[in-house]
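The following note is offered for the colleague reviewing this entry. The points are numbered and may be read alongside the sequence and the coordinates.

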Amino acid sequence: MTDTRFFIDMLAPLFIAVLVLGGLAALVTWQLTPVVYGLGILGAGGLLVTLLAGMLADGWTHRQTHQQLNEQSKNR
């Protein structure tokens, strides 16, 4: 899972920071404002998309590697 790990290592801190900003905004105002909802949705959605994109990239890499190995074994 090299691609997923790369995506998580590079992009997850960005979306975690957005979630922290949403939490701080909620603490400052002591209420759930549209800004807090927006930051929460953006942070959670970003983490979800990052994870799904990494898994998709891993699957694609695995598929391509498998196809190349099959082609090499057929050429022998």
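1. A residue counts as exposed when its relative accessible area is over 50%, and as buried when that area is under 20%. The model under review is predicted. Tryptophan 30 has a relative accessible area of 72% and is therefore exposed.

2. Tryptophan 30 belongs to the loop between H1 and H2 and comes just after H1. The phi of this residue is near 55°, a positive value in a residue other than glycine. Most residues other than glycine have a negative phi. The backbone at tryptophan 30 may accordingly be looked at in the display.

3. How are the two helices arranged with respect to each other? Helix H1 covers residues 2-29 and helix H2 covers residues 34-74. They pack at an angle of about 175°, and their axes are 8 Å apart. Angles over 145 degrees count as roughly antiparallel, and H1 and H2 are therefore roughly antiparallel to each other. The contact of H1 with H2 is made up of 20 nonpolar, nine polar and two charged residues.

4. The span of H1 agrees with expectation: its 28 residues should cover 40 Å at 1.5 Å a residue, and its end C-alpha atoms are 41 Å apart. H1 nevertheless has a kink of about 40° at leucine 11, shortly before proline 13.

5. The buried residues of H1 are Thr4, Ala12, Phe15, Val18, Gly22, Ala25 and Ala26. These buried residues pack against H2. An α-helix has 3.6 residues a turn, so residues three or four places apart point the same way. Among the buried positions of H1, Ala12, Phe15 and Val18 may be inspected with that in mind.

6. H2 has 41 residues, and the distance from its first C-alpha to its last is 59 Å, close to the 60 Å expected at 1.5 Å a residue. Val36, Gly43, Gly46, Thr50, Gly54 and Asp58 are buried in H2. H1 is included in what covers the buried residues of H2.

7. Is aspartate 58 buried or exposed? Aspartate 58, a residue of helix H2, has a relative accessible area of 13% and is therefore buried. Its C-alpha atom is separated by 35 Å from that of leucine 24, and the two residues are 34 residues apart along the chain.

Notes: Residues are numbered from 1 along each chain as its sequence is written. This is a predicted model: local features need pLDDT of at least 70, side-chain atom pairs count only at pLDDT 80 or more; totals for chains, interfaces and linings use all residues. Side-chain values use heavy atoms; hydrogens and water are left out. Axes are lines fitted to C-alpha atoms, for helices over the stretch in contact, and angles run from 0 to 180 degrees between N-to-C directions. Helices (H or I, at least four residues) and strands (E, at least two) are DSSP runs, numbered from the N terminus. Angles under 35 degrees count as roughly parallel, over 145 as roughly antiparallel, 65 to 115 as roughly perpendicular and the rest as oblique. Ala, Val, Leu, Ile, Met, Phe, Trp, Tyr, Cys and Pro count as nonpolar, Asp, Glu, Lys and Arg as charged, and the others, Gly among them, as polar. Buried means under 20% relative accessible area, exposed over 50%, partly exposed in between (1.4 Å probe, protein chains only). The expected span of a helix is 1.5 Å times one less than its number of residues. The bend at a residue is the angle between axes fitted to the seven residues ending there and the seven starting there. Contact means heavy atoms within 4.5 Å.
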